[in-house]
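Biologist: I would like a close look at one part of this molecule, with enough of the surroundings described that a newcomer can place it. Please take the part slowly and then set it beside the rest of the chain.

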Amino acid sequence: MDTIWLSGAEWLAVLRIGLGLWWLESWRHKDKRTWFEGGGIAWAADVAAKHRWTAVRSGFDVVVAPRPKTMAYVVAYAELALGLGLIAGFLTPVALVAGLLLNGLYFALMIHDWAEQGQNSMMALISVVALFGMSWQTWSLDDALGLF
C-alpha cells in the first residue's frame, strides 16, 4: 500500500485515535450533573415513547426505564472507556465492537432525527475500517503487550 507521510498501519492508528478522541468528547461535553440526575435518560425516554418501532419502545421500557440512574452511568462511562481505550489502543477490537453497538443503539433510538445520524454513521464507519484494518498494530498498548 502506498501512502503519503505515514504508513498504512500508522494512518489506521490515526483513525483509531481520532475516533477515541470523538468518544472522549462525547463524554466530556455532557453536563454530568444533569446527566446523572436523570436528564439524559429522561430525554431518551421521551424519544423512545414516541418511537414508531415497537421493539425500541418496549426494549427501552424493559432495559433502561427501570434503572435510569444506572443506565446514565453506563452510557457516560462507556463513552469514557471507549475514548481512553481507543486512544491508548488497549483492548482495541473489544472497544471498536462495543462502540459499534453503542452507535447502533443510539442510531436505532434516533432513527428519525437525521441531524444526529451523520455522527453515528461516521463513527460506525470508522469503527468498521479500524476493526477490519486491525488499527491496533501501531501506536497501541495492544501492540506493545502483544495482544491480538
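Modeller: Of the 148 residues in the protein chain, 37% count as buried, and please keep in mind throughout that this is a predicted model. The secondary structure of the chain comes to eight helices and zero strands, so that reading from the N terminus the order is simply α-α-α-α-α-α-α-α. Taken along the principal axes, the C-alpha atoms fill a box of roughly 50 × 25 × 25 Å. Among the contacts between residues at least 6 apart in sequence, 73% join residues at least 24 apart.

The part I would choose for a close look is Lys-30, which is found in the loop between α1 (8–28) and α2 (32–36). Lys-30 has a relative accessible area of 14%, and because buried means under 20%, this residue counts as buried. The side chain of Lys-30 reaches the backbone oxygen of Ser-26 at 3.3 Å, and a polar contact of 2.8 Å joins the side chain of Lys-30 to that of Glu-79. If we leave aside the neighbours within four places in sequence, the residues in contact with Lys-30 are Trp-35, Ala-76 and Glu-79.

For a second loop to set beside this one, consider Met-134, which lies between α7 and α8 (141–145). Met-134 has a relative accessible area of 38%, and because values between 20% and 50% are called partly exposed, that is the class it receives. The C-alpha atoms of Met-134 and Leu-80 are separated by 21 Å, the two residues being 54 residues apart along the chain.

Turning to the empty space, the largest pocket has a volume of about 850 Å³. This pocket is lined by 32 residues, and those that lie nearest its centre are Val-75, Leu-102, Leu-105, Tyr-106 and Leu-109. The elements that give two or more residues to this lining are α1, α2, α3 (39–49), α4 (54–64), α5 (68–88), α6 (92–109) and α7 (114–132). Sorted by class, the lining of the largest pocket holds 20 nonpolar, eight polar and four charged residues.

As for the outside, the protein chain exposes about 8600 Å², and carbon and sulfur atoms supply 69% of that area.

Technical notes: Residues are numbered from 1 along each chain as its sequence is written. This is a predicted model: local features need pLDDT of at least 70, side-chain atom pairs count only at pLDDT 80 or more; totals for chains, interfaces and linings use all residues. Side-chain values use heavy atoms; hydrogens and water are left out. Helices (H or I, at least four residues) and strands (E, at least two) are DSSP runs, numbered from the N terminus. Buried means under 20% relative accessible area, exposed over 50%, partly exposed in between (1.4 Å probe, protein chains only). A polar contact is a pair of N or O atoms within 3.5 Å; within protein, one must be able to donate a hydrogen and the other to accept it, and residues adjacent in sequence count only if both atoms are side-chain atoms. Contact means heavy atoms within 4.5 Å. On a 1 Å grid over the protein atoms alone, a cavity is a set of points where a 1.4 Å probe fits but cannot get out, and a pocket is an open set with protein on both sides within 12 Å along at least five of seven lines; lining residues have an atom within 4 Å of a point. Grid points are joined across faces, edges and corners, and a volume is the space filled by probe spheres set on the points. Ala, Val, Leu, Ile, Met, Phe, Trp, Tyr, Cys and Pro count as nonpolar, Asp, Glu, Lys and Arg as charged, and the others, Gly among them, as polar. Accessible areas come from the Shrake-Rupley method with a 1.4 Å probe; for residues, only the protein chains shown count as cover.
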